[in-house]
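Hi,

Here is the structure I promised to pass on. Have a look at it first, and then read on for what turned up in it.

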Amino acid sequence: MLRKSCSRLRSAFSLSCPPWLSVFLLCSAGLMSTELKCARGMQLTSTGPQTIQKAEGESVILGCTYTPSPLDTGDLDIEWSVVSPDSTQKDQMLMSYSSGTRYVHGNPALAKELSFAAPDPSMGDASISISVLSPAHSATYQCKVKKSPGVDMRKVSLVVLAKPSVPKCWVEGGELVGEALSLHCKSAKGSTPLKYTWRRESAGPIPAAATQNSVTGELKISNHSQSFAGFYLCEVNNAVGAEHCRINLKANKPPNRAAMIVGTIVGSLLLILILLVFIGLLYWKLSNRLRFEKEFSNDIREDAPPPESRPVSRHTSRSASQHPQVTYCPVGSAEVSSLSDGHTHTPSSNSHGHTPLKYAPVEYDSKYGYAV
């Protein structure tokens, strides 16, 4: 029903409109469509990835090419800013270009490595380059190009990652045939996620009995044999780099357990024998020392012969009893008496007819003392 109505209207319009009017209407419609296309204004033409992953220390170019419209007659303004993760906060301006002049804004630590990639950004290329990337450059960047009345913008996310460091390879286990062991691989640095892969460089692929963990870098061998021996390589990688290490896995024969037991018993017996000999020598030495000390205490050591003694006369005894402060000592064939007051007395004669004695001062001998 609707198709019949449209066909009737089309036929009525063709009958009522002259041919020149139809041509005029068609030309007018073509011009209007062209003006609408031109009125779209400024367009950014960069087609690179929206998310870029780069390694720390490398360089990167954030693309922002544009094509202005003939209807855009205003001044050219280019702005690069860091989009705030919080929608309630303002974006941070980094660089701008206006009226032929470049400006640097915001954090100098972030902006010092930034520059426009093209010598003249007004020629359709507003891309920027970062010469040396660091983790601080990880952010979402926005390029905004404005030339009134046209304006357009583009966002690109930059993720700066650290390459894996050279891993360390080692073996846990005795590398003995018939026992369990494991190969380990670990990288100290690197942005996650890190993936570890083990492979054997000689004697074919790794036997299926071995199991490896790509997250921890462990290769487990439950029952070691000669078929597992060889050189192994562990590779660790992430989105921006890879490193590797090598290790030589051996298959050693287990030692003779009977010989180990016999050796242990013989060693224990020798140790006990050495201890007994040491204790015996210590006891013998202590007993000899005690016996020597006992014999030495009973010995009489004579340093010098004692002085000859002479019988004491009655007169000397009687004088000594009467004068307790007088000391007598023989000097040759004479007797000398010394009083406590320091005077000496020499008797002329006695009643018994003895030869008169001469008394002299008492002398002190450094070896024997006073003569008594």
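Before the details, one cut-off: a residue is called buried when its relative accessible area is under 20%, exposed when that value is over 50%, and partly exposed in between. Keep in mind, too, that this is a predicted model.

S182 is a good place to try that out. Its relative accessible area is 8%, so S182 is buried. You'll find S182 in strand 13, and its side chain makes a polar contact of 3.0 Å with the side chain of H184. Leaving out residues up to four places away in sequence, S182 touches W170, V171 and E172, and also E218, L219 and K220. With K220, the C-alpha atoms are separated by 4.4 Å, although the two residues are 38 apart along the chain.

One of those contacts, W170, has something of its own to show. The charged end of K168 sits over the ring of W170, at 5.9 Å from the ring centre.

Now the overall picture. The protein has 372 residues, and 26% of them count as buried. Its secondary structure comes to five helices and 23 strands. If you take contacts between residues at least 6 apart in sequence, 55% join residues at least 24 apart.

Next, the loop between strand 12 (168-172) and strand 13 (181-186), where E175 is found. What is the nearest side chain of opposite charge to E175, and how far away is it? That side chain belongs to K250, 6.5 Å away, and E175 is buried yet has no salt bridge. A salt bridge needs a side-chain nitrogen of Lys or Arg within 4 Å of a carboxyl oxygen of Asp or Glu, so a distance of 6.5 Å does not qualify. The backbone of K250 is another matter: the side chain of E175 reaches its nitrogen at 2.8 Å. Setting aside residues up to four places away in sequence, E175 touches L181, H224 and the run of N248, L249, K250, A251 and N252.

V177 lies in the loop between strand 12 and strand 13 as well. Is V177 buried or partly exposed? V177 is partly exposed, with a relative accessible area of 33%. Apart from its neighbours within four places in sequence, V177 is in contact with H224, S225, A251, N252 and P254. H224, A251 and N252 are also among the residues that E175 touches. The C-alpha atoms of V177 and A251 are separated by 5.7 Å, while their positions lie 74 residues apart along the chain when you count from one to the other.

On to the salt bridges: the structure holds two. One is between E58 and K163, whose closest N and O atoms are 3.9 Å apart. This pair links distant parts of the chain, 105 residues apart: E58 is in the loop between strand 2 (51-55) and strand 3 (60-62), and K163 is in the loop between strand 11 (150-161) and strand 12. E58 has a relative accessible area of 30%, so it counts as partly exposed. K163 is partly exposed too, at 44% relative accessibility.

In the other salt bridge, the side chains of R246 and E201 meet at 2.9 Å, N to O. Here again distant parts of the chain are linked, with the partners 45 residues apart: R246 is in strand 18 (residues 242-249), and E201 is in the loop between strand 14 (195-200) and strand 15 (211-213). E201 counts as partly exposed, at 39% relative accessibility.

What about aromatic rings? The count comes to one aromatic pair. The rings of Y97 and F116 have their centres 6.4 Å apart and their planes at 75°, so the pair is edge-to-face. Y97 sits in strand 6 (residues 92-98) and F116 in strand 8 (residues 114-116), so to speak bridging distant parts of the chain, 19 residues apart. Both Y97 and F116 are buried.

Last, a look at S84, in the loop between strand 5 (76-82) and strand 6. S84 is buried, with a relative accessible area of 18%. Beyond its neighbours within four places in sequence, S84 is in contact with Q89, K90 and D91.

Happy browsing!

Definitions and conventions:
Residues numbered from 1 in each chain as written. Predicted model: local features only at pLDDT ≥ 70, side-chain atom pairs only at ≥ 80, totals over all residues. Heavy atoms only, no water. Phe/Tyr/Trp six-rings, centres within 6.5 Å; stacked < 30°, edge-to-face > 60°. Helix = DSSP H or I, 4+ residues; strand = E, 2+ residues; numbered from the N terminus. Buried < 20%, exposed > 50% of the residue type's maximum accessible area, 1.4 Å probe, protein only. Lys NZ or Arg CZ within 6 Å of the ring centre and 35° of its normal. Lys, Arg positive; Asp, Glu negative; His and termini not counted. Polar contact = N/O pair within 3.5 Å; in protein donor to acceptor, adjacent residues only side chain to side chain. Contact = heavy atoms within 4.5 Å.
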